[in-house]
Amino acid sequence: WIILVPNYVYMKDYYQPSLGNCKPIYLCPPGRYTYESPKGVADATGKIRKSGEHKTAPFVSFWYMDPRPLVDGKELFKWWKSSGQEKTHGCT
């Protein structure tokens, strides 16, 4: 599985107990994602956004993933580093 979740989730009390037997690895993007607003959605002030309007996420997101049983997390990380992705942005 792989999900995009705010980075602060791993620090919450519920996080560790919710993992069960999962041993996730984390992929940290180099910066905040920018999202495209769907047509007709209101912003925090109630103003309707235009289709295609871009907004930066209000929080940093990480990809939380557990690639097992397809591949071991350590093997995936070794592949990532060997593919020329030397910058890991502080994530392991």
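Buried residues, defined as those under 20% relative accessible area (1.4 Å probe, protein chains only), make up 20% of the 92 residues in the chain. Residues over 50% are termed exposed, and those in between partly exposed. The structure is a predicted model, in which local features need pLDDT of at least 70 and side-chain atom pairs count only at pLDDT 80 or more, whereas totals for chains, interfaces and linings use all residues. Residues are numbered from 1 along each chain as its sequence is written, and side-chain values use heavy atoms, with hydrogens and water left out.

The chain exposes about 7,100 Å², an area obtained by the Shrake-Rupley method with a 1.4 Å probe, with only the protein chains shown counting as cover for residues. Carbon and sulfur atoms supply 58% of this exposed area. Confidence is expressed as pLDDT, the predictor's confidence in each residue on a scale from 0 to 100. The chain averages a pLDDT of 79, and 86% of the residues score at least 70. Confidence is highest in helix H1 (residues 15-19), at a mean of 90, and lowest in strand S4 (residues 54-56), at 67.

Two helices and five strands were assigned in the chain; these are DSSP runs numbered from the N terminus, with helices (H or I) of at least four residues and strands (E) of at least two. Along the sequence the elements follow the pattern β-α-β-β-β-β-α. Contacts, meaning heavy atoms within 4.5 Å, often link distant parts of the sequence: among those with a separation of 6 or more, 62% are between residues 24 or more positions apart.

Three of the strands form an open sheet in the order S1-S5-S2, with antiparallel pairing; two strands pair if DSSP finds at least two bridges between them. Strand S1 (2-6) and S2 stand at the edges, each with a single partner strand, so one side of each is left without a neighbour in the sheet. The twist averages 35° from one strand to the next, with axes taken as lines fitted to C-alpha atoms (for helices, over the stretch in contact) and angles running from 0 to 180 degrees between N-to-C directions. S1 and S5 pair over five bridges, and valine 5 stands opposite phenylalanine 62 in S5. S2 is joined to S5 by three bridges. Tyrosine 26 has tyrosine 64 of S5 as its bridge partner, and leucine 27 is partnered by tryptophan 63.

Four of the five residues of S5 are buried, so this strand is largely enclosed by the rest of the structure. Serine 61, which lies in S5, is buried, with a relative accessible area of 5%. Beyond its neighbours within four places in sequence, serine 61 is in contact with Leu4, Val5, Pro6, Asn7, Pro29, Tyr33 and Tyr35. Tryptophan 63 also belongs to S5, but at 26% relative accessibility counts as partly exposed. Its C-alpha atom is separated by 5.7 Å from that of isoleucine 3, a residue 60 positions away along the chain. With residues up to four places away in sequence not counted, tryptophan 63 touches Ile2, Ile3, Leu4, Ile25, Tyr26, Leu27 and Tyr33.

Two prolines in loops may be set side by side. Proline 67 is placed in the loop between strand S5 (61-65) and helix H2 (73-82) and is buried, at a relative accessible area of 15%. Proline 67 is in contact with Ile25, Asp72, Gly73 and Leu76, leaving aside neighbours within four places in sequence. Proline 67 and isoleucine 2, 65 residues apart in sequence, lie 7.7 Å apart in space from C-alpha to C-alpha. Proline 30 is found in the loop between strand S2 (25-27) and strand S3 (34-36), and is exposed, with a relative accessible area of 71%. The C-alpha distance between proline 30 and valine 60 is 9.6 Å, at a sequence separation of 30 residues.

Side chains of opposite charge can pair when their charged atoms come close. A search of the whole structure finds one salt bridge, defined as a side-chain nitrogen of Lys or Arg within 4 Å of a carboxyl oxygen of Asp or Glu. This salt bridge is formed by the side chains of lysine 78 and glutamate 75 (3.4 Å, N to O). Lysine 78 and glutamate 75 are three residues apart in helix H2, and are therefore separated by about one helical turn. Lysine 78 counts as exposed at 52% relative accessibility, while glutamate 75 is partly exposed, with a relative accessible area of 42%.
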